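This report describes the fold of one chain, a long helix within it, and two loop residues with unusual backbone angles. The sequence and the model are shown below.

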Amino acid sequence: MARLNDDAQWIVLMGFMVSFSLIFLGIVINQSTVVGQTTAEGVLEFPKNDILNVRSAVLQSSGIAIPADFDNVKKDISLIAMSRKNAVVSFGVTDAPPGSPYTKIIDIHFNNGVTVYNETTNY
Amino acid sequence: MVNYEGQLYTIEGVAAGLIMLMTAFIVVGTTSVYTPGDTHITDMQLEQMGSDALHMMNTPNTSAASAESALQSMIKNNEKDRFRETFLSFCNTTAGGTTDTLQYSTDVYYRDTLTNSVNRYHFAESRNLTGGEHAVRVTEWVNINGAGVPPPLDNRIQAVLVEVLVWRD
């Protein structure tokens with residue numbers, strides 16, 4: 001067996017440190033794929049487009065003048081959202097109080113079991 | 001009798017072994033970047049683009065109260081060819097000049113007043129669905145104003161849900 005040589009311990013130590021920092025970098029790269037997946041899953045899960053869509057449909061239909069027509073549209077949106085989106089959607093339009101700079105107050109409620117969205121807006 | 005020589009070499013050997021094992025582990029873990037579970041990432045992009053395209057089509061050109069969006073008049077007048085042209089050009093135009101290969105199939109969901117149930121009719125498609133596509137579903141609410149709505153829709157002011165399946169060929 002070779003005689004123990006105490007020289008060059010610094011070099012060996014530096015070698016260890018470089019190796020471990022390489023491993024650390026490797027772990028960082030390894031985790032980056034998981035981050036991409038969970039982010040994409042989170043984005044798909046959150047019903048951003050559903051809420052935006054319902055909101056713009058409600059704002060559009062708030063201009064309907066005849067109450068019977070508006071009730072029809074309300075029923076349409078509630079029933080179709082329940083059947084196709086698994087979401088409870090309800091909304092209402094009331095006239096703004098006298099003196100308000102707006103003409104209507106619109107409240108929108110959206111609940112798909114995971115995400116709840118409520119809004120009251122002046123229009 | 002215990003020999004104390006060579007301890008540094010032993011430690012180095014053990015450390016080198018550990019380093020090699022961990023390197024192999026990380027390399028194996030990193031190369032399988034795209035597993036079937038990761039299709040979420042492309043699905044997300046496809047879904048965002050499809051709903052952006054639909055939303056563009058459902059935006060009127062002017063802010064007048066009576067202004068109709070392109071999508072509204074397409075549904076109201078049953079203009080399948082116009083839908084096809086507009087949607088495909090929104091989805092498939094790329095910056096490089098070459099066109100993408102997205103395909104779609106559209107259904108319209110509406111409420112039947114008599115039975116108070118949700119029904120559907122097929123509106124348009126760029127290619128028949130075979131069932132093998134990996135499609136994402138994008139939707140858009142469309143308010144239909146005024147009379148003269150084609151059957152099977154009820155002839156009244158109503159909101160319908162346009163559902164588009166989008167997939168890359």
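## Secondary structure and overall form

Helices (H or I, at least four residues) and strands (E, at least two) are taken here as DSSP runs, numbered from the N terminus. The model is predicted. On that basis, the order of elements in chain A, starting at the N terminus, is α-α-α-β-β-β, which amounts to three helices and three strands. Chain A is more spread out than a compact globule, because its radius of gyration is 30 Å, well over the 14 Å that the globule rule gives for 123 residues.

The box filled by the C-alpha atoms of chain A, taken along the principal axes, is roughly 100 × 35 × 20 Å.

## Burial, contacts and surface of chain A

Of the 123 residues in chain A, 30% are buried. Among the contacts in chain A with a separation of 6 or more, 31% join residues 24 or more positions apart.

The exposed area of chain A is about 7,600 Å², and carbon and sulfur atoms supply 63% of it. Chain A carries 8 positive and 11 negative charges, and the mean positions of these two sets are 5 Å apart.

## Helix 1 of chain A

Helix 1 of chain A covers residues 9–45, a run of 37 residues. At 1.5 Å a residue this helix should span 54 Å, and its end C-alpha atoms are 54 Å apart, so the expected and computed values agree.

Which residues in helix 1 of chain A are buried? They are Phe16(A), Ile23(A), Gly26(A), Asn30(A) and Ala40(A). An α-helix has 3.6 residues a turn, so residues three or four places apart point the same way.

## Positive phi angles outside glycine

Asn86(A) is not a glycine, yet its phi is positive, at about 50 degrees. Asn86(A) is located in the loop of chain A between helix 3 (67–85) and strand 1 (88–95). With a relative accessible area of 59%, Asn86(A) is exposed, since exposed means over 50%.

In chain B, Asn116(B) also is a residue other than glycine with a positive phi, here near 55 degrees. The loop that holds Asn116(B) lies between strand 1 (102–112) and strand 2 (117–125) of chain B. Asn116(B) has a relative accessible area of 42% and is therefore partly exposed, as this value falls between the 20% and 50% limits.

How values were computed:
Residues numbered from 1 in each chain as written. Chains lettered and ligands numbered in written order. Predicted model: local features only at pLDDT ≥ 70, side-chain atom pairs only at ≥ 80, totals over all residues. Heavy atoms only, no water. Rg over C-alpha atoms; globule rule 2.2 N^0.38 Å. Buried < 20%, exposed > 50% of the residue type's maximum accessible area, 1.4 Å probe, protein only. Contact = heavy atoms within 4.5 Å. Areas by Shrake-Rupley, 256 points an atom, 1.4 Å probe, with all protein chains shown as cover. Lys, Arg positive; Asp, Glu negative; His and termini not counted. Charge placed at Lys NZ, Arg CZ, Asp CG, Glu CD. Expected span 1.5 Å × (residues − 1).
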